[in-house]
Amino acid sequence: MSGDSQKTFYLETFGCQMNVHDSEKVIGTLVQQGYRQVETVEQADLILYNTCSIRDKAEQKVFHRLADFKKLQSQGKKFGVLGCVAQQEGDRIFERAPHVSLVCGSASYRNLPEMLVQIEAGKRATGLDDRQTDECFETEFTARTNPYRGYITIIEGCDKFCAYCVVPFTRGKERSRTSDSVLEEARQLVDLGYSEIQLLGQNVNSYKDPAGKRSFAELLAAVGEVPGIKRVRFTTSHPRDFGRDIVEAIDAVPALCDHVHLPVQSGSTRVLGAMQRLYTREQYLERIGWMKSAKREISITTDVIVGFPGETEADFVETLTLLEEVGYDSVFTFKYSPRPNTPALKLDDAIPDQEKARRLEVVMAKQREIQIAQNKRHIGTVREVMVEGRNDLRAQWIGRTSQNKTLNFTASGPAMAKVGTYAQVRILSTFPNSLLGEMVV
Ligand code: SAH
Ligand code: SF4
Ligand code: F3S
């Protein structure tokens, strides 16, 4: 327990950037309720897990972890499960882990203050709004932990129901914030000293302004034009809703980063159909074509799932040829894993794990070759980086380019580069996952 009388909490976060940013809002809300954040479980009165359920038997891992904590209950500590596993498992969490007193999904965080009062009174509290049709979790108490990149959620939930995915069940229906409130928050972030903003949504480009004022591309451009903002990122874009106007906005507004993450999942139209992804290989490639014909050089990254039920060797080869055709700068590759509630659960998950692992290896090896070749194009060019840190062992600064690449660099005096500022760096050599250079200004 803490030495003083102030209530303390420990929060650990798993999963995507939406979860990371939700945690920033949860922390702000708890602090506003008189809690103090601590760095270890031992110091905490309240232990919270903000969980992810996307793959790999996520719920089992959460239950194992909760079991480890059971012994701490005798010290008077309380436990809460937040996020996607909380929404998915609901009251079952109390059955399997009776020492838990709070279970709350992301659509109910705005009720956290009342729930805290309940658990402090020794009761159990749940926030499992299964309609999830209400507004977004906007709070003025966000405790931003990333000092350089300010996250702003613009749309929550997902209505796409891809056959393999839990998100529509854990995050509820798609709901957007007004573009005016997003712009207001962007201006506040500038006042707090941020020059880089990342707009977030499970499908950020499915954004629909409830006030009908701006399209997603118009909102992007408007955020990019807020005085003081130098960089605007946005993730994740869904190919079905990816319009040419997004590419036009990137061309027109320099503050928009020249990077688009556009998850393809598979290169086979047949598998895309079975996944219910709502586009074909050709339609996906058409969108890639728009980006390649842009005036700026747009870096493209993606997600791939291998071993979806029924994926044949021929389908898999189509994913490999797609990787070559697009020339991605980075690919996140996952083995298909069956998830609760999803339509694909009815399909036979017949591809053995060993074969999924082989396909994963093949994709990663192919992509590594592509990245080695692709990154060479940067040699000799000068790129602007945001200085994000320093590696003292290597006497290098760590920078990030607009294309979201890590560009490590040397500067002739340590005083020249400064974390949180921008620098111009000439690229001297390249690796599969990073670039190396020297600061020129
Ligand atoms: N909304 C985004 C993806 C969010 S989930 C989109 O539609 O593109 C992040 C990634 O996790 C997905 O792109 C997918 O590649 C992976 N993923 C989701 N469910 C999965 C599952 N059941 N098995 C394996 N990978 C999965
Ligand atoms: Fe999941 Fe598909 Fe929604 Fe992405 S679009 S979050 S993969 S259901
Ligand atoms: Fe995971 Fe939920 Fe994000 S399942 S990936 S934390 S939306």
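This briefing walks through the domains of a protein and the surroundings of its three ligands. The model is predicted, so local features need pLDDT of at least 70 and side-chain atom pairs pLDDT 80 or more, while totals for chains, interfaces and linings use all residues. Residues are numbered from 1 along each chain as its sequence is written, chains are lettered from A and ligands numbered from 1 in the order in which they are written, and side-chain values use heavy atoms, without hydrogens and water.

**Domains 2 and 4**

- An automatic or database assignment gives domain 1 (3–127), domain 2 (146–257), domain 3 (287–377) and domain 4 (382–439).
- Between domain 2 and domain 4, the C-alpha centres are 27 Å apart; their contact (heavy atoms within 4.5 Å) involves 8 residues from domain 2 and 12 residues from domain 4.
- About 860 Å² is buried between these two domains, with 46% of it on carbon and sulfur atoms; buried area is the accessible area (1.4 Å probe) lost by two parts on being put together, summed over both.
- Of the area that domain 2 buries against domain 4, 61% comes from Tyr148, Lys230 and Arg231, more than from any other three residues.
- Lys230 also pairs with Glu384 through a side-chain salt bridge at 3.4 Å, N to O; the rule asks for a side-chain nitrogen of Lys or Arg within 4 Å of a carboxyl oxygen of Asp or Glu, and it finds 1 salt bridge across this interface.
- On the side of domain 2 that touches domain 4 there are 2 nonpolar, 1 polar and 5 charged residues, where Asp, Glu, Lys and Arg count as charged, Ala, Val, Leu, Ile, Met, Phe, Trp, Tyr, Cys and Pro as nonpolar, and the others, Gly among them, as polar.

**Ligand 1**

- Ligand 1 has 17 residues around it (a heavy atom within 4 Å), and the closest are Gln202, Gln265, Arg277, Asp303 and Ser337.
- A backbone N or O atom of Gln202 sits 2.8 Å from a nitrogen atom of ligand 1, and Ser337 likewise places a backbone N or O atom 2.8 Å from a nitrogen atom of this ligand.
- From Arg55, a polar side-chain atom lies 3.0 Å from an oxygen atom of ligand 1.

**Ligands 2 and 3**

- Around ligand 2, the shell includes Cys158, Cys162, Cys165, Gln202 and Arg277, and by class it holds 7 nonpolar, 3 polar and 2 charged residues.
- Ligand 3 is surrounded by residues including Cys16, Cys52, Cys84, Arg171 and Gln202; its shell has 4 nonpolar, 3 polar and 1 charged residues.

Terms used:
Polar contact = N/O pair within 3.5 Å; in protein donor to acceptor, adjacent residues only side chain to side chain.
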